[in-house]
Amino acid sequence: MSTIKTRDGTEIYYKDWGKGPVVTFSHGWPLNSDAWDGQMLFLVRHGYRVVAHDRRGHGRSSQGSTGNDMDGYADDLAALIEALNLDDVTLVGHSTGGGEVARYIGRHGTSRVAKAVLIAAVPPIMVKTEDNPEGLPIEVFDEMRKALVNDRSQFYKDLAVQFYGANRPGADVSEGVLDQFWMWSMQAGLINAYESIKAFSETDFHDDLARFDVPTLVLHGEDDQIVPVKDSAVKSARLIKGAKDVYYPGAPHGLTATLQDRVNEELLAFLRNSA
């Protein structure tokens with residue numbers, strides 16, 4: 001397998017396909033880089049080099065008990081970019097991966113970054129606080145942690161239904177899509193998935209978003225049951241100078257699968273736009 005080793009000894013698995021301008025992909029919780037295959041193959045066929053990694057503790061990366069926070073995730077992405085000597089990169093992040101992209105820019109700047117894309121991403125902050133009264137109550141995330149510990153397999157099966165909007169009237173979501181979500185999720189270490197809930201729900205990305213100085217695309221489904229659009233994409237697009245935001249009516253959190261073709265075309269158009 002293709003791996004790099006970070007400063008703390010964690011092995012990070014990655015896939016590196018194609019040649020051309022570089023696009024990196026940071027996946028959502030609790031999945032792995034395979035969740036991006038539909039976008040990666042599409043872009044390879046259109047002349048791009050695509051790189052995606054399994055977040056520490058997820059997929060084929062090692063399951064360490066430290067670094068399971070946004071700083072750790074961002075530093076792992078930086079280590080991968082540096083190890084492969086990537087420049088003029090477009091960073092693409094979905095959900096928790098969108099937080100990873102934001103924190104990367106916040107911690108490491110944009111010297112190697114050409115553009116950024118946030119898809120159904122968690123910034124600026126998910127949890128309800130005095131400064132974010134529209135957020136989700138902490139009890140929502142406490143219940144997630146409880147369900148994860150008690151029966152993570154069933155929890156992931158139930159979560160997949162909401163993730164892809166399969167509980168909505170007229171939804172066309174195959175059993176295969178739901179099954180692969182469960183399979184990918186079960187590859188994540190329990191401690192890593194558990195600690196990541198705090199990372200994606202309680203991290204405040206306001207300062208990170210203020211450091212964005214590259215063209216940025218924000219995509220989000222208007223029927224996202226996991227990361228509500230009004231408290232995430234709508235706010236992030238206002239905080240990122242010059243961001244382009246696109247909203248898909250009725251689309252769920254997992255729109256990279258349910259609206260794969262539309263998302264792919266939106267990505268390609270953004271990549272080709274030199275502005």
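This passage describes backbone features found in loops of a predicted model.

Two cis peptide bonds are considered, each leading into a proline. One joins Trp 29 to Pro 30, where omega is near -5 degrees. Pro 30 belongs to the loop that runs between strand β3 (22-26) and helix α1 (37-44). The other cis bond joins Pro 123 to Pro 124, and here omega is near 5 degrees. In this case the residue preceding the cis bond is itself a proline, Pro 123. Pro 124 is placed in the loop between strand β6 (113-119) and helix α4 (138-163).

Positive phi values in residues other than glycine form the second topic. Asn 85 has such a value, with phi near 55 degrees. The residue sits in the loop that separates helix α2 (70-83) from strand β5 (89-94). The relative accessibility of Asn 85 is 53%, and Asn 85 is therefore classed as exposed, the cut-off for that class being over 50%.

Ser 95 also has a positive phi, near 60 degrees, and is likewise a residue other than glycine. Its position is in the loop between β5 and helix α3 (96-108). Strand β5 spans 89-94, and thus borders both the loop that holds Asn 85 and the loop that holds Ser 95. Ser 95 has a relative accessibility of 5% and so counts as buried, since that class takes values under 20%. Of these two residues with positive phi, then, Asn 85 is exposed, whereas Ser 95 is buried.

Key
Residues numbered from 1 in each chain as written. Predicted model: local features only at pLDDT ≥ 70, side-chain atom pairs only at ≥ 80, totals over all residues. Heavy atoms only, no water. Helix = DSSP H or I, 4+ residues; strand = E, 2+ residues; numbered from the N terminus. Buried < 20%, exposed > 50% of the residue type's maximum accessible area, 1.4 Å probe, protein only.
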